[in-house]
Amino acid sequence: MNAENNPSRRQFLKASALVGGGLVVAFVVPGGKRLAFAQEAPAAAATLTPNAFLRIGADDSVSVLLAHSEMGQGIWTTLPMLIAEELDADWSKFRVEHAPAAPVYASTVFGMQGTGGSTTTWSEFDRYRQVGATARAMLVQAAAARFGVEASACRTENGAVIAGSQRATYGELADDAGKLPVPANVALKAPADWKVIGKPTRRLDTPEKINGSAKFGMDVQFEGLKTAVVARAPVFGAKVKSFDAAPALAVPGVRKVVQVPSGVAVVADHFWAAKKGRDALSVDWDLGPNAGLDSAALLASYRELAKADGASAARKGDARAKLATATKAIEAEYHLPYLAHAPMEPLNCTVRIGADQCELWVGTQFQTIEQRAAAAITGLKPEQVQVHTPFLGGGFGRRATPGADVVSEAVHVAKAAGLPVKTVWTREDDTQGGYYRPMYFERARIALGDDGLPVAWDHVLVGQSIMAGTPFAGTIKDGVDNSSVEGVADSPYITGLADHRVDLHSPTPGVPVLWWRSVGHSQNAFVMESLVDELAHAAGKDPLDYRRTLLKDHPRHLGVLNLAAEKAGWGTPLPEGRRRGIAVHESFGSYVAQVAEVSVEDGAVRVHKVTCAIDCGVAVNPLMIAAQMESGIAFGLSAALHGRITFKDGRVQQSNYHDYPALRLPEMPAVDTHVVASSEKPGGVGEPGLPPIAPAVANAVFALTGQRLRTLPLALAKA
């Protein structure tokens, strides 16, 4: 091993203080392929280059430290399963905890500590297995020495090493194993020998989430902690001109009123006092340049912008010339609104600032960014900022903010107040003053050949870039934010055409935008899969058969498409008043097809059943995959049937779940998920279940009513 990946004894002793234990296995980030391991008793202080740790204690416990955040997607269970596969440990002895924030925990995908983009499992698939295999090899070596036999005479089983009649548990061997040299290379199990990977496994975090012992950011409490809420600008870009704190200070329990960059904070003994104090607060605002923002006017401007040439996201041949001479073509416009993330747990951050340390308790997807932001505000070094990551009560991208808005504000509040403070956003605060999935307008013109198949495709997208102004702005090339056009510019329906053109306009209307679950695929799958249905109808073809023809050279698309159709009984009779719609889409390295069965009840769309097929490569935990498909379908249906953020006079018109609804339990369809057996590289699971659901439902609505709905949320024309 090279020097970079092989820590010194002193370095390791410092780092292992983070985790303690008898046998500690650490591995590093660079390259993600070569591991650094070290074993010695822990000492005091901290730094090394470990990305994650496996700790085996004398009590046989197996502790896994996650550099990623558990927000409901199930990595609290999936990543330990990878270690368990190679370690042959007792699954009931596994324990999991979030890692602290430090550069050494950087994701190999993002280059910093963070969770998102459905990257966690596939990015850690090899590394976590190697850690388990290395620890097992060391335990076997320690047992062989104790038993007086060759290592080849030993086998492992359920947390113990066995040789003939001799047996020792991992806990009994941990200290001896910790003194051995680390094997340079370890062999991983062949897939045919896997006993854990691929086995449906219940979540490790379920018991504590059921019994209430699980800790979320809102649960943080300690002596002397105050609560704050902030009066923020009613219009994006507005500034405080003046404020009168006296009415707020007159509210019992209110301790301080302080101005911070985002507005005016009311600090109190508890939330209700802070909320009542803010209600009483009088603030005079300079509304700034966005006071006239209006959704209808903005849409009109987008529609006009779509008439002009944009930045080139994909071009081949001359689609417009081909369209000019086409005997048959379709043209369609699609509109998708701004969307809020609306996580169940309100945004919050607890801050305690000392002379040489700042502590944060925050449910975050971006530990590195939060740490750096807090350091900049307090004047401390990043390593002096300690980030405690509790469970996240939903994220969907909102807790992965490049500007660290929640944490920055909370640190400013605690600094100005001179007190430890938990700053809480109400749901109204976030719905009306947070970040949003961008609004998009898309226009497509498609020429059809004599066989009814597309021969030229001209597609224009208009919508804000989510990468502009962030640390990821470098991904924008020649004016094209790939996250704006993903699922269109790289669609198999388009890339195989000799004549195609995809243009992008990225206006800047002053609305803060952010990635939202499944990012650009959330809008573009709806447009593309609806368009393909339109093409099938224009060609007089069955939507399934039409897709089969278009995707004949794309076996993984075709595999899930056929599986979903078969399991849904495509083409078989349904009860009167019901029809099916289908959609298939690839995102985040996974392929998902869905068949939706719908009816119309009292003028509203009702989804009764969704049959889902997913090919996500190697399926680590099929039970978790099915759960995430259900989750993505529920989240996607919330947007398809209800979701819409609109502006009038610069202000967001929605405020909470009553006028920005999430899918309710009676609306949730039955979901039948089928996971394709695959040996391909693992893909994402948390996001790919969402993109196909809106077009599958819209296509079913067309089959039922003849109405082609091109705007979300879906609304039928009134009779």
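**Exercise 1. Helix α19**

How many residues does helix α19 have, and what distance does it reach from its first C-alpha to its last?

*Solution.* The model is predicted, so local features need pLDDT of at least 70, side-chain atom pairs count only at pLDDT 80 or more, and totals for chains, interfaces and linings use all residues. Residues are numbered from 1 along each chain as its sequence is written, and side-chain values use heavy atoms, with hydrogens and water left out.

Step 1. Fix the terms: helices (H or I, at least four residues) and strands (E, at least two) are DSSP runs, numbered from the N terminus. The expected span of a helix is 1.5 Å times one less than its number of residues.

Step 2. Helix α19 covers residues 693-705, has 13 residues and reaches 18 Å, close to the 18 Å expected at 1.5 Å a residue.

Step 3. Look at what follows: after α19 comes Gly 706, with a positive phi near 80°.

**Exercise 2. The surroundings of α19**

Find out which residues of α19 are buried and what covers them.

*Solution.* Step 1. Buried means under 20% relative accessible area, exposed means over 50%, and partly exposed is in between (1.4 Å probe, protein chains only).

Step 2. Ile 693, Ala 694, Pro 695, Ala 696, Val 697, Ala 698, Asn 699, Ala 700, Val 701 and Phe 702 are buried.

Step 3. Ten of the 13 residues of α19 are buried, so the helix is largely enclosed by the rest of the structure.

Step 4. Contact means heavy atoms within 4.5 Å. The cover of the buried residues of α19 includes the helices α15 (521-539), α16 (543-550) and α18, together with β24, β25 and β26.

**Exercise 3. A sheet of four strands**

Give the strand order of the open sheet that contains β24, and name its edge strands.

*Solution.* Step 1. Two strands pair if DSSP finds at least two bridges between them. Strands of a sheet pair through backbone hydrogen bonds, either parallel or antiparallel.

Step 2. The order of the four strands is β24-β25-β26-β29, and the pairing is mixed.

Step 3. β24 (579-587) and β29 (670-675) each pair on one side only, which makes them the edge strands.

Step 4. Axes are lines fitted to C-alpha atoms, for helices over the stretch in contact, and angles run from 0 to 180 degrees between N-to-C directions. With direction ignored, neighbouring strands of this sheet are turned by 20° against each other on average.

Step 5. Take one pair: β24 and β25 (residues 590-601) are antiparallel over nine bridges. Within this pair, Arg 580 stands opposite Glu 597 in β25.

Step 6. Add a helix: α18 (residues 622-641) lies across β25, β26 (604-615) and β29, and runs at about 145° to β26.

**Exercise 4. Strand β17 and its partners**

Which residues of β17 lie on each side, and are they buried or exposed?

*Solution.* Step 1. In a regular strand the side chains alternate between the two faces of the sheet.

Step 2. In β17 (residues 358-361), Cys 358 and Leu 360 are on one side and Glu 359 and Trp 361 on the other; all are buried, and both faces are covered.

Step 3. Strand β16 (residues 348-353) pairs with β17 in the antiparallel sense over four bridges. The two strands form a hairpin with four residues between them, and Arg 352 has Glu 359 as its bridge partner.

Step 4. Strand β18 (residues 385-388) pairs with β17 in the parallel sense over four bridges. Here Glu 359 stands opposite Gln 386.

Step 5. A crossover is right-handed if, with the strands pointing away from the viewer, the path from the first strand over the helix to the second runs clockwise. β17, helix α10 (residues 367-378) and β18 make a right-handed β-α-β unit.

**Exercise 5. Backbone exceptions**

Where do Asp 60 and Asp 478 lie, and where is there a cis peptide bond?

*Solution.* Step 1. Most residues other than glycine have a negative phi, and most peptide bonds are trans.

Step 2. Asp 60, in the loop between β2 (50-56) and β3 (62-66), has a positive phi of about 75°. At 22% relative accessibility, Asp 60 is partly exposed.

Step 3. Asp 478, in the loop between β22 (454-463) and α13 (482-485), has a positive phi of about 50°. Asp 478 is exposed, at 75% relative accessibility.

Step 4. The peptide bond from Leu 712 to Pro 713 is cis, with omega near 0°. Pro 713 belongs to the segment after α19.
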